[in-house]
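Please look through the structure shown below, and follow with me a pocket and then a sheet.

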Amino acid sequence: GVDVDLVVVGSGFFGLTVAERVAAEHGRKVLVIDRREHIGGNAYSEVDAETGIEVHRYGAHLFHTSNERVWEYANRFTEFTGYVHRVYTTHRGEVFPMPINLGTINQFFRSAYTPDQARALVREQAAELGGRTPENLDEQGVNLIGRPLYEAFIRDYTAKQWQTDPRELPASIISRLPVRYTYDNRYFNDTHEGLPVDGYTAWIERMADHPNIEVRLGTDFFDESQPVNKANVVGNVPVLYTGPVDRYFDNAEGDLSWRTLDFEREVLPVGDFQGTTVMNYPDADVPYTRIHEFRHFHPERDYVKDKTVIMREFSRFAERGDEPYYPINTATDRERLLAYRELAKGEKDVLFGGRLGTYQYLDMHMAIGAALSMVDNKLTPHFEGGAGLA
Ligand code: FAD
Ligand code: NA
């Protein structure tokens with residue numbers, strides 16, 4: 001048997017938050033398994049051996065939250081820098097601030113519009129469909145911000161993200177395209193924002209560093225040659241599962257669809273490649289969507305001055321075997337998800353959580369917040385009051 005009080009499948013922020021609370025608050029023994037060779041899920045970062053620069057292996061991770069409980073909890077394990085995220089975009093050889101704001105608009109139209117003038121212009125350009133309901137993503141984009149801005153900054157970027165012509169994509173993929181009628185180009189507007197002072201992995205390792213927590217890496221829950229797996233655990237020990245919900249049920253209701261990303265990392269012999277962390281490439285003739293330059297996440301660190309690490313990001317539909325990153329959420333996906341939720345309800349003493357287990361994109365702060373709620377609502381009553389897990 002497995003001599004613990006809870007098995008947690010997946011060591012991302014959702015799984016580790018639950019493990020940490022059950023271990024520290026309830027004094028219970030927790031076994032955390034992950035099929036990867038490292039903890040932390042997609043928030044994992046590593047130090048590049050050649051340059052010493054911290055690289056976010058699964059793409060840029062920015063921490064931001066307005067949830068005071070999550071902020072207080074995160075600060076038990078790490079301090080945060082004063083990093084404030086901003087994004088720029090290179091369109092036809094010219095750099096513009098993102099998200100689309102008054103600076104973007106005035107640069108694009110070579111104007112000096114006031115906020116009201118810019119608002120009136122965008123409203124006029126967005127009226128092109130004359131009240132007709134947008135039939136596809138292309139029309140939706142025009143309807144939201146007008147053709148000139150849509151075609152420059154959104155159309156081809158979206159086509160690259162989906163590897164699909166936006167005229168072939170449903171309008172519902174984009175419900176709003178926020179335009180700011182000020183010069184504020186701060187990316188997030190949460191109360192708290194910053195990066196972990198000594199890196200994501202140090203933060204994550206401190207969460208797992210408790211005598212009641214054991215972590216086993218390189219351990220797939222569905223691999224029956226492993227001592228701890230679905231077949232010998234479910235029904236015997238309570239489980240929190242944060243892997244893909246469709247995989248748990250052998251894809252019985254069909255596959256849920258995801259977008260995945262491919263990353264190409266490169267060390268360049270220059271001290272500074274692009275002068276900022278994230279540069280978008282919205283044009284069709286550039287195959288990648290973004291370039292990340294990791295040194296700029298930590299201007300306070302004493303990094304090498306003659307080398308830099310960049311990562312180009314490419315986006316496409318995920319096939320089986322690819323890492324699932326962003327839920328696509330088609331009508332079929334939503335039907336299948338409902339069927340999987342029914343199956344999950346019937347799975348006694350197994351809780352499903354996190355980005356993959358609930359098929360929804362979750363930022364880190366959302367994963368932590370949802371995990372703390374699951375502890376309040378399910379695990380505390382179970383461990384302190386003897387309630388079933390359901
Ligand atoms: P995950 O972090 O995905 O962890 C799930 C874990 O389960 C993984 O480690 C996986 O290996 C493991 N697992 C899956 N199947 C099995 C199995 N069969 N057996 C054992 N283990 C298994 N958040 C932000 O706040 N800011 C950002 O800027 C940001 N950027 C992101 C960029 C990308 C490309 C992605 C995909 C996510 C980003 N996030 C960001 C979200 C963040 O990475 C996490 O997804 C989020 O914290 C949710 O955590 P989680 O624990 O639910 O999932
Ligand atoms: Na269940």
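In this predicted model, the second largest pocket is lined by 14 residues, and those lying nearest its centre are R341, A344, K345, F352 and T358. The volume of this second largest pocket comes to about 330 Å³. Helix α10, which spans residues 331-345, and strand β16 each contribute at least two residues to the lining of the second largest pocket, and it is α10 that provides the largest share of that lining, with five residues. Sorted by character, the lining of the second largest pocket consists of eight nonpolar, three polar and three charged residues.

Strand β16 leads from the pocket to the sheet, for it belongs to an open sheet of five strands, which follow one another in the order β9-β2-β1-β10-β16 with parallel pairing. Because β9 (213-216) and β16 (350-352) stand at the edges and each has a single partner strand, one side of each is left without a neighbour in the sheet. On average, and with direction ignored, neighbouring strands of this sheet are turned by 20 degrees against each other.

At the β9 edge, the partner is strand β2 (residues 30-33), which runs parallel to β9 and is joined to it by four bridges; within this pairing, I33 stands opposite R216 in β9. Helix α1, made up of residues 13-24, packs on the sheet and touches β1 (6-9), β2, β9 and β10 (239-241), while the direction of α1 makes about 165 degrees with that of β2.

How values were computed: Residues are numbered from 1 along each chain as its sequence is written. Chains are lettered from A and ligands numbered from 1 in the order in which they are written. This is a predicted model: local features need pLDDT of at least 70, side-chain atom pairs count only at pLDDT 80 or more; totals for chains, interfaces and linings use all residues. Side-chain values use heavy atoms; hydrogens and water are left out. Two strands pair if DSSP finds at least two bridges between them. Axes are lines fitted to C-alpha atoms, for helices over the stretch in contact, and angles run from 0 to 180 degrees between N-to-C directions. Contact means heavy atoms within 4.5 Å. On a 1 Å grid over the protein atoms alone, a cavity is a set of points where a 1.4 Å probe fits but cannot get out, and a pocket is an open set with protein on both sides within 12 Å along at least five of seven lines; lining residues have an atom within 4 Å of a point. Grid points are joined across faces, edges and corners, and a volume is the space filled by probe spheres set on the points. Ala, Val, Leu, Ile, Met, Phe, Trp, Tyr, Cys and Pro count as nonpolar, Asp, Glu, Lys and Arg as charged, and the others, Gly among them, as polar.
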